[in-house]
Amino acid sequence: MQNQPNNVEFTFCDFANSHHCDKLLELLNCYINDPMGGGIPLDQQKGLQLIAGLKAHPASFVLFVLLNNEIAGLATCFVNFSTFKASPYINIHDIIVKKEMRGSGLGKALLHKITSIATEKNYCKVTLEVREDNTNAKTLYQSLGFKDTEPPMHFWTKML
């Protein structure tokens with residue numbers, strides 16, 4: 001894979017491993033604090049709730065990307081089902097790379113790995129959402145073949 005740094009590995013988050021859980025929360029809070037995250041970091045209680053929820057969710061997985069044996073990023077994913085294709089697919093809910101490692105190819109490596117997982121499982125697609133103003137992410141995603149749908153769709157939210 002071109003532009004991928006040496007010493008890159010992947011591992012799935014083990015929710016029984018406290019180091020993995022700590023790194024998941026650390027990376028998520030770093031992203032939430034980022035201008036593209038635009039949120040309020042998770043406190044300890046919300047963090048524990050997140051870990052428990054992901055662990056209990058039957059169709060979720062968190063994939064870590066490691067550089068030189070250090071967790072440098074992650075993708076939080078959910079397996080969903082396409083009624084139109086009558087086939088499962090992966091939705092990437094979060095993709096996070098440590099700020100100091102952005103631009104190093106780790107995001108691209110994560111996306112390639114997730115696409116590979118979907119292909120191996122014979123899933124029909126990989127989906128993600130991206131903020132309109134996140135030009136760096138959009139450039140990366142477009143370079144890997146992600147694009148708006150035809151006709152264009154919008155991701156809408158009703159907060160409860």
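This dialogue walks through a sheet, two helices and a few side chains of a predicted model.

Reader: Let's begin with the sheet. How many strands form it, and in what order?

Author: Start by listing which strand pairs with which. Here 5 strands form an open sheet in the order β1-β2-β3-β4-β5, with mixed pairing. The edge strands are β1 and β5 (126-128), each of which pairs on one side only. From one strand to the next, the twist averages 30°.

Reader: In what sense do β1 and β2 pair, and what is the bridge partner of V8?

Author: Count the bridges and note the sense. β1 and β2 pair in the antiparallel sense over 5 bridges, and the bridge partner of V8 is L67 in β2. On to the next neighbour: β2 and β3 are also an antiparallel pair, over 8 bridges. To find the register, look for L63, which stands opposite A75 in β3, and V62, which stands opposite T76 in that strand.

Reader: How many residues lie between β2 and β3 in their hairpin?

Author: The hairpin has 2 residues between its strands. While you are there, check the backbone angles: N68 in the turn has a positive phi of about 55°.

Reader: Which residues of β2 are buried on one side, and which on the other?

Author: Read the strand one face at a time. On one side, S60, V62, F64 and L66 are buried; on the other, F61, L63, V65 and L67 are buried. Both faces of β2 are therefore covered, going by the under 20% cut-off for buried. The tally for the strand is 8 of 8 residues buried.

Reader: Could we take one of those residues, S60? What is S60 in contact with beyond its neighbours in sequence?

Author: Setting aside neighbours within four places in sequence, S60 is in contact with L54, C77 and F78. S60 is found in strand β2 and has a relative accessible area of 17%, so it counts as buried. A polar atom of its side chain lies 2.9 Å from the backbone oxygen of L54.

Reader: Now the helices. Why does the span of α1 agree with what a helix of its length should give?

Author: Compare the expected span with the distance between the ends. Helix α1 (residues 18-33) has 16 residues, and at 1.5 Å a residue it should span 22 Å; its end C-alpha atoms are 22 Å apart, so the two agree. At the start of α1, a side-chain oxygen of N17 comes within 2.8 Å of the backbone nitrogen of H19.

Reader: What covers the buried residues of α1?

Author: First find the buried residues, which include L24, L25, L27, L28 and I32. Their cover includes β1 (8-12), α2 (44-56), β2 (60-67), β3 (70-82) and β4 (87-97). As for direction, α1 lies across β1, β2, β3 and β4 and runs at about 85° to β3. Helix α3 (residues 106-120) lies across β1, β2, β3, β4 and β5, running at about 165° to β4.

Reader: How many aromatic pairs does a search of the whole structure find?

Author: The search finds 2 aromatic pairs. In one of them, F12 and F61 meet edge-to-face, 5.7 Å centre to centre and with 75° between the planes. This pair links distant parts of the chain, since F12 is in strand β1 and F61 in strand β2, 49 residues apart.

Reader: Are F12 and F61 buried or exposed?

Author: Take each ring in turn. F12 has 45% relative accessibility, so it counts as partly exposed. F61, with a relative accessible area of 14%, is buried.

Terms used. Residues are numbered from 1 along each chain as its sequence is written. This is a predicted model: local features need pLDDT of at least 70, side-chain atom pairs count only at pLDDT 80 or more; totals for chains, interfaces and linings use all residues. Side-chain values use heavy atoms; hydrogens and water are left out. Helices (H or I, at least four residues) and strands (E, at least two) are DSSP runs, numbered from the N terminus. The expected span of a helix is 1.5 Å times one less than its number of residues. Buried means under 20% relative accessible area, exposed over 50%, partly exposed in between (1.4 Å probe, protein chains only). Contact means heavy atoms within 4.5 Å. A polar contact is a pair of N or O atoms within 3.5 Å; within protein, one must be able to donate a hydrogen and the other to accept it, and residues adjacent in sequence count only if both atoms are side-chain atoms. Two strands pair if DSSP finds at least two bridges between them. Axes are lines fitted to C-alpha atoms, for helices over the stretch in contact, and angles run from 0 to 180 degrees between N-to-C directions. Rings of Phe, Tyr and Trp (its six-membered ring) pair if their centres lie within 6.5 Å; planes under 30 degrees apart count as stacked, over 60 as edge-to-face and the rest as tilted.
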